Amino acid sequence: MKYFFFILLSFLNFYECIAQQQHSIHDLKSGKFKEDSSYIYDLPFENNKKVFLIQAYDSKMSHKGEYALDFKVKKKTKICAARDGVVISTRGDSNKGGLQPGNISDGNHISIRHADGSVAHYWHLIKNGALVKVGDTVMKGQLIGLSGNTGYSAFPHLHFEVIGYDDTGNYRQLATRFNTNKGIVYLRPAHFYRARH
């Protein structure tokens, strides 16, 4: 009988290892898997800033099938680098926003490449809200921009996403975990989080 339980336990451990490699968005957000070596990001705001997450991964409004986050913040909220890197793209000259298809290309933004080749995108900044320029090296927690409502956007918020290579070698949006007042977590929609640097 003890051999049966040993075999069963071995099978369950093997199954859990396979499942961890193929974890779902629900599993990430629920904290089901504890073994995780992915990079820990800071929330892209000033230390101790409390923010509300409207949409998270695979949210139904406009993130269906996407690994992206929308933080509801007021215009001119200070945006900080979530990770060290080098600025590879910015835009700050637009004052257009709304939910018309033509507004998609009107978003002010900052893109930062990290040491592992992944890139973080910060979208919907206010006009003249990109406070860094291409080629700048930025440190985690450094002020880089001001939030706004430009591009395909119905209200002021920060759209944040990271793109890089997953464990199968595909270049895609990546799920990211954050250091918050609730611990190191994958964020869940309709929750408040406080930045911890």
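**A small sheet and two positive phi angles**

Asn48 is partly exposed, with a relative accessible area of 42%. In this predicted model, that residue is found in the loop that runs between S1 and strand S2 (50-55), and S1 in turn belongs to an open sheet of 3 strands in the order S1-S14-S15. The points below take up the sheet and then two loop residues whose phi is positive.

**The sheet**

- The pairing in this open sheet, which places S14 between S1 and S15, is mixed.
- Strand S1 (40-42) and strand S15 (183-185) form the edges, since each of them pairs on one side only.
- On average, and with direction ignored, neighbouring strands of this sheet are turned by 35° against each other.
- S1 and strand S14 (residues 177-180) run parallel and are joined by 3 bridges, and Ile40 has Arg177 in S14 standing opposite.

**Two residues with positive phi**

- Most residues other than glycine have a negative phi.
- Asn48, in the loop between S1 and strand S2, has a phi near 75°, which is a positive value in a residue other than glycine.
- Ala190, placed in the loop between S15 and strand S16 (191-194), is likewise not glycine and has a positive phi, near 65°.

**Accessibility of these residues**

- Asn48 counts as partly exposed because its relative accessible area of 42% falls between the limits of 20% and 50%.
- Ala190 counts as exposed because its relative accessibility is 55%, and the class of exposed residues begins over 50%.

Key. Residues numbered from 1 in each chain as written. Predicted model: local features only at pLDDT ≥ 70, side-chain atom pairs only at ≥ 80, totals over all residues. Heavy atoms only, no water. Pairing = 2+ DSSP bridges. Helix = DSSP H or I, 4+ residues; strand = E, 2+ residues; numbered from the N terminus. Axes fitted to C-alpha atoms, helices over the stretch in contact; angles between N-to-C directions. Buried < 20%, exposed > 50% of the residue type's maximum accessible area, 1.4 Å probe, protein only.
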